[in-house]
Amino acid sequence: MNTQSYRKSILNALIWDSAFALIPTILLYTMNPEMTWARLLDHFRFSWIYSNCIGGLAFYLIPKVWVASCKLPAWFRWTARVAALYGACVAGALIGGLIFVALRWQPMSDYWPEFVGSMRFAALLTIGAGLTIGIYSTLRERLDETTLQLRTKELERERALKLATEAQLASLESRIHPHFLFNTLNSISSLIPEDPARAERLVEQMAALLRFSLDANQSGLVPVASELKIVGDYLEIERARFGDRLRYQIDVPSDLNDSRIPPLSLQTLVENSVKYAIAPDRTGGEIRITGARSDGAFRLEVSDSGPAFQLESAPAGHGLDNLKGRLSTLFGDQAALLLQRVGGRNNLILSVPQIVNGHAGIPG
């Protein structure tokens with residue numbers, strides 16, 4: 001405890017002790033309103049010394065006993081606290097009596113009778129006041145702790161919204177990037193005379209992709225089925241550009257359709273594969289998307305034949321790095337983004353706790 005806190009603690013103790021010292025004086029005046037102010041002041045002087053002797057010990061001892069007994073059984077915990085308050089009362093009354101004798105405010109012959117006579121009321125006041133202050137302090141600490149937790153959750157929620165917005169902007173940026181847009185428009189233009197139906201589908205898929213990107217930050221989680229739909233649209237758009245160089249398979253069980261994941265999370269993994277595994281390779285490659293469930297969680301895996309890389313090397317604030325931050329904020333250590341290199345293929349694994357319609361657990 002620093003000097004300022006120590007001084008504040010002493011000041012608080014003096015204020016409380018002075019307030020409690022007024023109680024016997026007020027009671028005495030209530031029972032005998034004809035008592036003179038001189039006698040009342042004299043009585044308050046004795047009461048103030050008693051109160052500070054007892055209160056000083058109680059303020060020093062009780063917080064330590066209160067904290068040390070928190071993990072004990074309830075009956076033992078409260079017995080220890082009451083016993084500590086009573087002990088502080090007895091010791092404080094003994095010290096106060098000695099001060100009166102030392103100051104010659106009362107003879108030594110009155111020491112024990114005065115001690116015995118004052119103990120009943122002093123014990124009642126000390127135990128009642130000590131328990132009241134202790135319970136108030138405990139409730140105040142719990143309130144402060146709850147307030148801090150709420151503030152922390154609010155900060156986490158704001159961070160999740162920020163990351164979702166960044167993901168939305170990053171995804172939208174990639175959609176409207178001139179190269180992507182021009183390539184898509186060129187693909188649509190070339191298909192109009194040859195396959196107008198497919199050109200129309202590409203326009204619809206492009207519109208759906210842009211709409212999903214714009215709406216992404218309005219939903220904390222989306223069904224896997226919605227994410228797979230937008231991934232399929234994205235792959236079909238890119239396939240119009242790369243032709244047979246882009247081959248893909250989607251094998252996700254239908255019982256995962258209602259499970260919830262962050263929007264654009266699976267799409268981010270697929271886009272990474274297209275950008276680094278398909279585009280640089282003249283022979284192209286195959287992207288495999290699979291899913292499975294186990295032990296109250298499920299995994300979505302995107303596999304490609306691109307060059308090896310480290311997940312930690314992802315640029316800060318975009319793509320895979322952004323997705324890791326979103327998973328941490330939304331699920332803590334219950335979710336993860338993993339990278340495995342097996343048989344010359346990169347396997348990006350998105351592991352998320354099973355959540356269906358906003359509730360954790362496996363659907364029955």
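**Exercise 1. The cores**

In this predicted model, find how many residues the largest nonpolar core has, and which of them have the most contacts inside it.

*Solution.* Start with the count: this core has 44 residues. Next, pick out the residues with the most contacts inside it: L235, L266, L269 and I289. Now ask which elements supply at least two residues each. They are α5 (178-194), α6 (196-215), α7, α8, β4 (285-294), β5 (297-304), α9 (319-331) and β7 (345-353). The largest share comes from α7, with eight residues. Finally, look elsewhere: a second, separate core has seven residues, including A58, I62, V65 and L85.

**Exercise 2. One residue in detail**

List what L266 touches, leaving out residues up to four places away in sequence.

*Solution.* Begin with the lower numbers: L266 touches E227, L228 and V231. Then add I261, I289, L300 and V302.

**Exercise 3. Two helices**

Describe how α7 (residues 224-242) packs with α8 (residues 265-278).

*Solution.*

1. Recall the two quantities: packed helices are described by the angle between their axes and the distance between the axes.
2. Read them off: the angle is about 20°, and the axes are 9 Å apart.
3. Apply the cut-off: angles under 35 degrees count as roughly parallel. So α7 and α8 are roughly parallel to each other.
4. Give the handedness: α7 passes α8 in a right-handed crossing.
5. Name the residues. From α7 come E227, L228, V231, Y234, L235, E238 and F242. They meet S265, L266, Q267, V270, E271, V274 and I278 in α8.
6. Sort the residues of this contact: nine are nonpolar, two polar and three charged.

Terms used
Residues numbered from 1 in each chain as written. Predicted model: local features only at pLDDT ≥ 70, side-chain atom pairs only at ≥ 80, totals over all residues. Heavy atoms only, no water. Axes fitted to C-alpha atoms, helices over the stretch in contact; angles between N-to-C directions. Helix = DSSP H or I, 4+ residues; strand = E, 2+ residues; numbered from the N terminus. Parallel < 35°, antiparallel > 145°, perpendicular 65-115°, else oblique. Left-handed = near helix turned anticlockwise from the far one by under 90°. Contact = heavy atoms within 4.5 Å. Nonpolar A, V, L, I, M, F, W, Y, C, P; charged D, E, K, R; others polar. Core = buried A, V, L, I, M, F, W, Y, C linked by side-chain atoms within 4.5 Å. Buried < 20%, exposed > 50% of the residue type's maximum accessible area, 1.4 Å probe, protein only.
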